[in-house]
Amino acid sequence: MERTDRIFPDKYIDLHLHLDGAVTSDIAKRLADMQGIALPADGEALEKLLSVGDDCKDLNEFLDCFELPLKLLQTTEALNECAYLVAEKMREQGVIYAEIRFAPQLHCEKGLTQRNAVDAVIRGLSRSTIKTGLILCCMRGEGIEEKNLETAELAEEYLGKGVNALDLAGAEGLFPTENFAELFAKIRKSGVPFTIHAGEADGAESVRKALEFGASRIGHGVRIKEDPELVSLIAKRGIPLEMCPNSNRLTRAVEDMKDYPFMDYLACGIKVTINTDDPAIESTDIAEEFRYMESRFGLTAEQQRQVLLNSADAAFADDDVKKWLKEQIAPGVNEK
Ligand code: ADE
Ligand code: ZN
């Protein structure tokens, strides 16, 4: 990754980052050490196990990379430490506010309950020195309705006490959004705000469903361009898109990045944001995502500022936090 010193942005917001997708080789070693687990590889071979290459075929292959990180994240100590280390790494990279997400049901293989997992991550994040929010992911899949309901109930109980929102993650191409109508009817009643991964491995119809369910943000939304009326609707309703450029490139959410619609969405007034998704799996960080958008698509400093203000606005946070974030990104903006 080539690094250049940048004057702006020097402060970032990341609204879409999966804890298990942020396990870099140094974090993996630390987690393995503390648990006496022997890692299957070291050095470059370990890096390879924890990331995908440019030859990644699709989202399904991308999601296979989570096997090792998940193996290392089955105790409260490991979850706590990982949350802390990931947030601190982000601080070093200039992140001032991060919404970190994880699926508690994926961390119950060695006896933890979902509640144990949530408590551990909240404790880990509270040790970090940046402002964070926690999003709990329900998972796409079959036969896991009970687990998803438990996640939703935990989010309701912990809302404002460490949890900020809910999400739906996993293989969108295999388990379509429409299958989750019942789950989101319950979530909507509970009042917990939510985002849904949609329009990434499936088309515009998936995003329409997510909006119909009541999602207040969309994870990715790359493929809304297939439906121009939906593009207008999302712009008009001010629905933020959590776009993740290098993730979208590697999972082939668009076949050719020359057709990546980010700049078009920005131009038509959609609240687009730039995020990392799974920084370890994509070998990226938030500054690299901004650099990529600048060098590949000509995203100007002013547009980068706008994107960060969009993130401040879209955060699942209270008005004081949003106001503080905006002041950090564009001093004086709150007085205008
Ligand atoms: N979990 C981690 N990364 C994801 C992605 N890009 N889409 C869906 N689920 C995910
Ligand atoms: Zn994601």
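In sequence, the residues that donate to the zinc ion, which is ligand 2, follow the spacing H-x1-H-x178-H-x79-D, and I should say at once that what we are looking at is a predicted model. The donors themselves are H16, H18 and H197, each through NE2, together with D277 through OD, and they lie 2.1 to 2.2 Å from the zinc ion. If you follow the pattern onto the secondary structure, H18 sits in strand β1, residues 12-18, while H197 sits in strand β5, residues 195-198, so that this pair links distant parts of the chain, 179 residues apart. As for the surroundings of these two histidines, H18 counts as buried at 9% relative accessibility, and H197 is buried as well, with a relative accessible area of 4%.

What can we say about the geometry of the zinc site? The angles among the 4 donor atoms run from 86 to 165°, and the site is irregular. For reference, four tetrahedral donors would ideally give angles of 109.5 degrees. The site is not classed as tetrahedral here because that class requires all angles to lie between 85 and 135 degrees, and the upper end of the range for this zinc ion is 165°. I would add one caution, which is that water is not among the atoms, so sites may look incomplete.

Let me move from the metal to ligand 1. The residues surrounding ligand 1 are H18, L59, L63, F66, A169, G170, H197, E200, H220, S247, D277 and D278, and you will recognise H18, H197 and D277 from the list of zinc donors. Which side chains place a polar atom 2.7 Å from a nitrogen atom of ligand 1? In E200 an N or O atom of the side chain is 2.7 Å from a nitrogen of the ligand, in D277 a polar side-chain atom lies 2.7 Å from a ligand nitrogen, and for D278 the distance from a polar side-chain atom to a nitrogen of ligand 1 is again 2.7 Å. Taken alone, ligand 1 exposes 260 Å², and the protein buries 96% of that.

One residue of that surrounding set deserves a separate remark, namely H220, which has a positive phi of about 80° although it is not a glycine. H220 belongs to strand β6, residues 217-220, and at 0% relative accessibility it counts as buried. There is another non-glycine residue with a positive phi, R252, at about 60°, but its setting is a loop, the one between α11 (245-250) and α12 (262-267), and R252 is partly exposed, with a relative accessible area of 31%.

I turn now to the charged side chains. Side chains of opposite charge can pair when their charged atoms come close, and a search of the whole structure finds 20 salt bridges. One of them joins K89 and D26, with 3.0 Å from N to O. Why is that pair worth pointing out in terms of the chain? K89 lies in helix α5, residues 76-92, and D26 in helix α1, residues 25-35, so the salt bridge ties together parts that are 63 residues apart in sequence. Both partners are partly exposed, K89 with a relative accessible area of 22% and D26 with 43%.

By way of contrast, consider E212 and K209, whose closest N and O atoms are 3.3 Å apart. Both of these residues lie in helix α9, residues 204-213, where they are 3 residues apart, about one turn of the helix, and E212 counts as exposed at 51% relative accessibility. A further salt bridge is formed by K258 with D259, the closest N and O atoms being 3.6 Å apart; here K258 counts as exposed at 56%, whereas D259 is partly exposed at 38%. Beyond such pairs, there is also a network of salt bridges that links E99, R101, D167, R217 and E242.

Finally, a point about F62, which lies in helix α3, residues 59-63, and counts as buried at 1% relative accessibility. How far apart in space are F62 and K89, the lysine of the α5 salt bridge? From C-alpha to C-alpha they are 23 Å apart, with their positions 27 residues apart in sequence counted as a separation.

Methods:
Residues are numbered from 1 along each chain as its sequence is written. Chains are lettered from A and ligands numbered from 1 in the order in which they are written. This is a predicted model: local features need pLDDT of at least 70, side-chain atom pairs count only at pLDDT 80 or more; totals for chains, interfaces and linings use all residues. Side-chain values use heavy atoms; hydrogens and water are left out. A salt bridge is a side-chain nitrogen of Lys or Arg within 4 Å of a carboxyl oxygen of Asp or Glu. Helices (H or I, at least four residues) and strands (E, at least two) are DSSP runs, numbered from the N terminus. Buried means under 20% relative accessible area, exposed over 50%, partly exposed in between (1.4 Å probe, protein chains only). Donors are N, O and S atoms within 2.8 Å of the metal (3.2 Å for Na, K and Ca); water is not among the atoms, so sites may look incomplete. Four donors count as tetrahedral if all angles lie between 85 and 135 degrees; four count as square planar and six as octahedral if opposite donors are over 155 degrees apart and all others between 65 and 115; anything else is irregular. A residue is near a molecule or strand if one of its heavy atoms lies within 4 Å of it. A polar contact is a pair of N or O atoms within 3.5 Å; within protein, one must be able to donate a hydrogen and the other to accept it, and residues adjacent in sequence count only if both atoms are side-chain atoms. Accessible areas come from the Shrake-Rupley method with a 1.4 Å probe; for residues, only the protein chains shown count as cover.
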